[in-house]
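I opened this entry to keep track of what I looked up, one topic at a time.

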Amino acid sequence: MIGQALAGSRVAVSLGAGGVGKTTVSAAIALARARAGERVAVVTIDPARRLAGALGLDGLDDEPRRVAEVGPGQLWALQLDAAATFDRLIARHAVDAAQRERILGNRIYRHMSRSVAGSQEFMAVERLHELHEDPRFDLVVLDTPPAQNSVDFLDAPARITRAMEARALKILTAGGGGGGNPLRQIVDVGSSAILGVVERLTGAGLLGELREFVGAFDGMREGFSARARLVGDLLRSELTAYCLISAPARVPLADARALRARLVADEIQPRLVVLNRFPPHAGADSADESELARRLRDANAVDADDLARRAMANDAAMRDARRRAEDHAAVVEAEFPSTPVARVAALDPEPVDLAGLDRIVAALEGAADTAG
Ligand SMILES: Nc1ncnc2c1ncn2[C@@H]1O[C@H](COP(=O)(O)OP(=O)(O)O)[C@@H](O)[C@H]1O
Ligand SMILES: [Mg+2]
């Protein structure tokens with residue numbers, strides 16, 4: 001299933017609300033393609049610690065590391081370091097070493113590159129593009145950051161460009177030291193991203209640094225914008241496959257719907273929907289409470305009747321959860337008629353190593369119904 005869903009793509013982007021298992025499923029998608037013979041790099045964002053360990057991501061830098069014992073293809077993993085990616089982007093576009101140093105050392109730049117909302121999304125796609133151009137990889141899988149509004153993802157390149165273009169700051173520099181509060185002027189032209197940074201910085205020399213920041217970008221803006229356009233184009237091209245990760249429950253599915261609507265607005269069809277943590281099958285309905293109590297008594301259980309009653313209630317709750325999930329899945333399948341829907345079981349123990357990820361791979365391949 002996963003091979004067909006990603007056929008012809010060089011990039012796979014996982015989208016979904018926070019906590020649905022985006023990082024885990026992204027790693028499993030990458031592993032599936034590496035098991036199928038491709039050379040795959042997965043960009044993870046905040047992997048659970050043990051999963052990071054299993055992927056060999058104990059290092060602090062964001063260079064891809066080869067994950068051992070994966071074949072016949074290759075699996076490489078890295079953890080996104082948005083600030084380091086931003087610094088590389090600056091280094092690439094600076095006209096000379098002096099300009100590069102001036103920007104990298106500027107306090108406004110440092111805060112903006114490390115804290116402005118949206119810069120993490122942009123750097124995720126920037127890193128994606130770097131890896132896409134890296135001849136070592138056939139496929140790059142991107143686990144996306146938990147955006148406040150996850151549908152903003154596609155707009156990240158355009159948004160960051162607007163912030164960097166800093167029309168606001170041009171006005172500010174033109175205004176010189178003359179009348180008016182410089183912060184006020186920034187607000188007036190609506191560059192709230194930069195305002196947020198400036199508000200958090202205080203002290204003498206701030207205005208000077210702000211001017212230097214603006215000046216430092218002279219000659220670089222064009223290259224920077226062109227790069228953002230290139231990244232935006234890749235995100236909208238046939239080479240990029242979007243996978244919607246959700247859970248078979250009301251709220252995450254509402255998020256998945258919003259994400260799909262956002263994709264469709266850009267004429268993109270998602271290639272795969274993953275319903276993660278599908279509740280397992282419970283025992284059959286037909287079990288009899290008094291029969292269970294009798295067997296428990298035979299086994300010398302304390303409070304056998306009570307135990308039997310609670311076990312039955314627990315089974316019933318599990319069956320209910322399973323039924324509700326099935327209902328949600330049926331709705332998803334009807335709503336996404338041309339998109340394969342993969343079910344991944346709620347695994348116990350949690351999938352924090354390659355063996356765990358391989359169980360998800362089996363579900364993604366459709367080779368095994370791990371949903372039980
Ligand atoms: N199919 C699954 N079965 C059991 N636990 C899972 C499954 N998928 C993810 N998890 C667990 O859920 C937690 C959140 O997963 P994670 O991939 O980090 O989510 P996200 O990236 O969407 O925030 C982790 O502890 C992970 O091990
Ligand atoms: Mg995550």
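How many nonpolar, polar and charged residues does the shell around ligand 1 have? I am working from a predicted model. I read the shell around ligand 1 as seven nonpolar, six polar and three charged residues.

I then listed the residues themselves. There are 16 around ligand 1, and Gly 21, Lys 22, Thr 23, Thr 24 and Leu 347 come nearest. H2 and E7 are the elements that give two or more residues to this shell. H2 supplies the largest share, three residues.

Next I looked at where H2 sits. Helix H2 (residues 22-35) lies across E1, E2, E4, E5, E6, E7 and E8. Against E2, helix H2 runs at about 175°.

I traced the sheet after that. It is open, with eight strands in the order E3-E4-E2-E5-E1-E6-E7-E8, and its pairing is mixed. The edges are strand E3 (65-66) and strand E8 (341-345), each pairing on one side only. I checked one pair inside the sheet: E2 (residues 39-44) and E4 (residues 74-79) are parallel, with six bridges. In this pair, Val 40 stands opposite Leu 75 of E4.

Last, I looked up a helix pair. The axes of H15 (residues 289-298) and H16 (residues 304-335) come within 8 Å and cross at roughly 130°. The two helices are therefore oblique to each other. The crossing of H15 with H16 is right-handed. On the H15 side I noted Glu 289, Leu 292, Ala 293, Leu 296 and Arg 297 in the contact; from H16 I noted residues including Ala 304, Asp 305, Leu 307 and Met 312. By class, the contact of H15 with H16 has eight nonpolar, no polar and four charged residues.

Key. Residues numbered from 1 in each chain as written. Chains lettered and ligands numbered in written order. Predicted model: local features only at pLDDT ≥ 70, side-chain atom pairs only at ≥ 80, totals over all residues. Pairing = 2+ DSSP bridges. Helix = DSSP H or I, 4+ residues; strand = E, 2+ residues; numbered from the N terminus. Contact = placed C-beta atoms within 7 Å. Axes fitted to C-alpha atoms, helices over the stretch in contact; angles between N-to-C directions. Near = placed C-beta within 6 Å. Nonpolar A, V, L, I, M, F, W, Y, C, P; charged D, E, K, R; others polar. Parallel < 35°, antiparallel > 145°, perpendicular 65-115°, else oblique. Left-handed = near helix turned anticlockwise from the far one by under 90°.
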